[in-house]
Amino acid sequence: MSASKRQKTENGHSETNGDNGDGSLWELDEETLNSGAVGFTATQIFIKNPACVAYTYDDIIMMPGHINFALNDVDISTKLTKGISLKVPFVSSPMDTVTENKMAIAMALQGGIGIIHSNFSVEDQAAEVRKVKRFKNGFITDPICLSLEGTVGDVIDIKEKHGYSGIPITDTGAMGGRLMGIVSNRDITFVTDRAMKLKEIMTPRDKLSVAKDGIELTEANEILKETKKGKLPVVNEDDELVALIARTDLLKNIEFSNASKDPVSKQLLVGAAIGTRPEDRDRAATLVEAGVDVIVVDSSQGDSVYQIDIVKHLKSTHPKLEVIAGNVVTPLQALHLIQAGADGLRVGMGIGSICTTQEVCAVGRAQASAVFHVAKFARKHGVPILADGGIKSTGHITKALALGASCVMMGSMLAGTDEAPGDYFYQDGVRLKRYRGMGSIEAMSKGSEKRYVWDDKTPNASVKVAQGVSGAVQDKGTMLRYVPYLVQGVRHGMQDGGVRSLADANERLYGGTLRFEVRSPAAQKEGGVHGLHSFQKRLY
């Protein structure tokens, strides 16, 4: 053996790197690289798997990589579906204790997206979608209006219910009527008589700054900036109110630069869930009319003739609609839904904190294995996947993305925030919110049984088998603080792994340079908080 080769083996690095004075880093020699000293490829762990073991997120740990970029350089933008991109890879789950309009708005403002649950009537679910689409959409085309005979009490009631008090006054008291004036918070602040007529205190039409119908949003925004008004009414040639622009929307555009918006209408993006029963076709049509951007076909086991039929129907009837199908955990399940036309896949079965499917039905898969195998297969067809369930920390999010997921769908991680449905309550001095699985008896009684029972005409269909539980989660505060914490945690994880972007993570995953190890139970314990008498865990 030559001296140079002996030096390479003994030192554990390539003989030429670093010796020429150019500052380049030495490369590890093949013997060390292949020995497992720097971890193993995903192929070695998940495919060359003689023990036939499925792995959870906790079972796997990423090996650190070289950092040659700043934390803010980490790019976590991604694809939700073939046709929808997001700045942040977070999706809120379509659960009735997680996602209604407030959660969907909060998610979209910060670069993710929310999926409105289907435990609503068709009309109520569509109304939730419209609330999201109306929020911060540039031109508000259906603002609440009052008439000249309206009272201060009416304005106060609207403010308490909707959170704003800038109300256009029209001759009909409705959108499309002739603009008579506007009432703002400053007009009613010192008024004690709730019965006082608005015509007595409103800012009249001749003192208002208005824009003409057809004006571009950018021009309208300039008028608002110049006049320093809170609201800018838009009127047609007959002086009839056709839209309203709010100064607060301009401020939100500045504050939420990563917001998920339609590039044309500037409306926030929002999704909604439907089932696989025949009546869900009508539900989907109503949701499309309301402006929904993506439909999630919600089923605990997605590989069924029922789901294949409805995916085909949605893609043929609404060709511009993005459709996410699932849930699946194997490439065979994924293949059937991709063949039907799915634009995205939802991966996970029986691994949520409130889900008992694996226990009750003896079917499912550990989530890390499910994500890796389905993502690897779906990639061949250009179909992104959502890792749905099993997320308990930012570390789990990072692992899901590193294993090939384009986004993560979260339930318990987001339940307990201010924007989640429900009221807070105290138990043993701890502030909590209700959280339940859509397979719990409580949720199924509200309509979610269609997620688990596809044909309600079969004998014994009235017998419900729970595949979830009801519980409570601790208060997590507002999404406006919580999501930035999650984003920063993921960025830290990717930076520690030497990964600059999700595209980079995918390239390294399938190229074999992103390395992992399987952790023993003792290693998992060692990797968490241990050895303390007591401790306080704060997220941020």
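In this predicted model, the buried residues of helix α6 pack against three elements, namely strand β6 (167-170), strand β7 (179-183) and helix α7 (185-188). Helix α6 itself spans residues 152-162, and its buried residues are Val-152, Gly-153, Val-155 and Ile-158. Just after α6, Gly-163 takes a positive phi of about 90°.

The nonpolar interior was examined next. In soluble globular proteins, nonpolar side chains tend to be buried together. The largest nonpolar core of the model holds 95 residues, of which Phe-90, Leu-345 and Phe-516 touch the most other members. Helix α14 (residues 367-379) supplies the largest share of this core, eight residues. Apart from this core lies another one, which has 14 residues and includes Leu-86, Ile-113, Ile-115 and Met-409. The surroundings of Phe-516 can be described further: when its neighbours within four places in sequence are left aside, Phe-516 is in contact with Gly-39, Phe-40, Ala-42 and Ile-45, with Ile-60, Ile-61, Met-62 and Met-63, and with Ala-402, Leu-403 and Leu-509.

Aromatic rings were considered as a separate matter. A search of the whole structure finds three aromatic pairs. One of them is formed by Phe-46 and Tyr-55, whose rings meet edge-to-face, with 5.9 Å from centre to centre and 80° between the planes. Both Phe-46 and Tyr-55 are buried, and together with Phe-372 these residues form one aromatic cluster. Rings also take part in arrangements with charged groups. The charged end of Arg-431 sits over the ring of Tyr-424, at 3.7 Å from the ring centre, while the charged end of Arg-434 sits over the ring of Phe-425, at 4.3 Å from the ring centre.

Charged side chains also meet one another, and a search of the whole structure finds 14 salt bridges. One of these joins the side chains of Glu-128 and Lys-131, with a distance of 3.5 Å from N to O. Both residues belong to helix α5 (residues 122-134), where they lie three residues apart, about one turn of the helix. An α-helix has 3.6 residues a turn, so residues three or four places apart point the same way. The two partners fall into separate accessibility classes: Glu-128 counts as buried because its relative accessibility is 7%, under the limit of 20%, whereas Lys-131 is partly exposed because its relative accessible area of 36% lies between 20% and 50%.

Other salt bridges link distant parts of the chain. Arg-205 and Asp-239 form one in which the closest N and O atoms are 3.0 Å apart. Arg-205 lies in the loop between β8 (203-204) and β9 (211-212), and Asp-239 in the loop between β10 (231-235) and β11 (241-246), so that the pair spans 34 residues of sequence. With a relative accessible area of 23%, Arg-205 is partly exposed, while Asp-239, with 17%, is buried. A salt bridge also connects Asp-298 with Arg-346, the closest N and O atoms being 2.7 Å apart. Here Asp-298 is placed in the loop between β13 (294-297) and α11 (305-317) and Arg-346 in strand β15 (residues 344-347), with 48 residues separating the two in sequence. Both Asp-298 and Arg-346 are buried. In addition, Glu-149, Lys-197 and Lys-199 are joined into one network by salt bridges that share partners.

Two loop residues complete the description. Asn-258 lies in the loop between α9 (247-255) and β12 (271-274), and with a relative accessibility of 36% Asn-258 counts as partly exposed. Although Asn-258 and Leu-109 are 149 residues apart in sequence, their C-alpha atoms are 7.1 Å apart in space. Beyond its neighbours within four places in sequence, Asn-258 is in contact with Leu-109 and also with Lys-87, Gln-110 and Gly-111. Ser-406 is found in the loop between α15 (394-402) and β17 (407-410), and this residue counts as buried because its relative accessibility is 15%, under the limit of 20%. With neighbours within four places in sequence again left aside, Ser-406 is in contact with Thr-78, Lys-79 and Pro-89, as well as with Pro-384, Ile-385, Leu-401 and Leu-502.

Terms used:
Residues are numbered from 1 along each chain as its sequence is written. This is a predicted model: local features need pLDDT of at least 70, side-chain atom pairs count only at pLDDT 80 or more; totals for chains, interfaces and linings use all residues. Side-chain values use heavy atoms; hydrogens and water are left out. A nonpolar core is a set of buried Ala, Val, Leu, Ile, Met, Phe, Trp, Tyr and Cys residues joined through side-chain atoms within 4.5 Å. Buried means under 20% relative accessible area, exposed over 50%, partly exposed in between (1.4 Å probe, protein chains only). Helices (H or I, at least four residues) and strands (E, at least two) are DSSP runs, numbered from the N terminus. Contact means heavy atoms within 4.5 Å. Rings of Phe, Tyr and Trp (its six-membered ring) pair if their centres lie within 6.5 Å; planes under 30 degrees apart count as stacked, over 60 as edge-to-face and the rest as tilted. A charge sits over a ring if NZ of Lys or CZ of Arg is within 6 Å of the ring centre and within 35 degrees of the ring normal. A salt bridge is a side-chain nitrogen of Lys or Arg within 4 Å of a carboxyl oxygen of Asp or Glu.
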